[in-house]
Amino acid sequence: MPKQKSHSGAKKRFKITGSGKVMKQQAGMRHNLEVKSSDRKRRLNQEQVVPEVDAKVIRRMLGK
């Protein structure tokens, strides 16, 4: 049987921590940054844990 390929788009967007949580980059840091406050930009720039409901699908896409 051929091997399953992992989802290329998911590889670029998500990473799995050592404890098995799925992390993603928070949305909102691409444009209009001059109108956002410094604290808001700092908060948006942090990685975020994906909810477990979605994480199941993402793990399957990554082949984990």
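**A short tour of helix 3 and the sheet**

Let's start on the outward side of helix 3: V53, K56 and R60 are exposed there. Before I go on, please keep in mind that this is a predicted model.

Now turn to the other side of helix 3. The helix covers residues 52-62, and in it A55, I58 and L62 are buried. Why do these three sit on the same side of helix 3? Because they cover an arc of only 65 degrees around the axis.

So what covers the buried residues of helix 3? The cover includes helix 1, residues 8-13, along with strand 1 at 14-16 and strand 2 at 22-25. And just after helix 3 comes G63, with a positive phi near 75 degrees.

Next, the core. In soluble globular proteins, nonpolar side chains tend to be buried together. Here, the largest nonpolar core has six residues: A10, V22, V50, A55, I58 and L62. Which element gives the most to this core? Helix 3 does, with three residues. Take I58 as an example: leaving aside neighbours within four places in sequence, I58 is in contact with F14, V22 and V50.

On to the sheet. Three strands form it, in the order 1-2-3, and the sheet is open with antiparallel pairing. At the edges we find strand 1 and strand 3, the latter at residues 47-49, and each of them pairs on one side only. On average, neighbouring strands here are turned by 35 degrees against each other, ignoring direction. Where does helix 3 come in? Helix 3 packs on this sheet, touching strand 1 and strand 2, and the direction of helix 3 makes about 90 degrees with that of strand 1.

Let's zoom in on one pair of strands. Strand 1 and strand 2 run antiparallel and are joined by three bridges. If you look at K15, you will find M23 of strand 2 standing opposite.

My last stop is K21, which lies in the loop between strand 1 and strand 2. With a relative accessible area of 47%, K21 is partly exposed. Which residues does K21 touch, once neighbours within four places in sequence are left aside? K21 is in contact with K15, I16 and V49. There is also V50, which is 29 residues from K21 in sequence, while their C-alpha atoms are 7.6 Å apart in space. We met V50 earlier, as one of the residues in the largest nonpolar core.

That's the tour, and I'm happy to go back to any part of it.

Notes: Residues are numbered from 1 along each chain as its sequence is written. This is a predicted model: local features need pLDDT of at least 70, side-chain atom pairs count only at pLDDT 80 or more; totals for chains, interfaces and linings use all residues. Side-chain values use heavy atoms; hydrogens and water are left out. Buried means under 20% relative accessible area, exposed over 50%, partly exposed in between (1.4 Å probe, protein chains only). Helices (H or I, at least four residues) and strands (E, at least two) are DSSP runs, numbered from the N terminus. The arc is that of the directions from the helix axis to the C-beta atoms. Contact means heavy atoms within 4.5 Å. A nonpolar core is a set of buried Ala, Val, Leu, Ile, Met, Phe, Trp, Tyr and Cys residues joined through side-chain atoms within 4.5 Å. Two strands pair if DSSP finds at least two bridges between them. Axes are lines fitted to C-alpha atoms, for helices over the stretch in contact, and angles run from 0 to 180 degrees between N-to-C directions.
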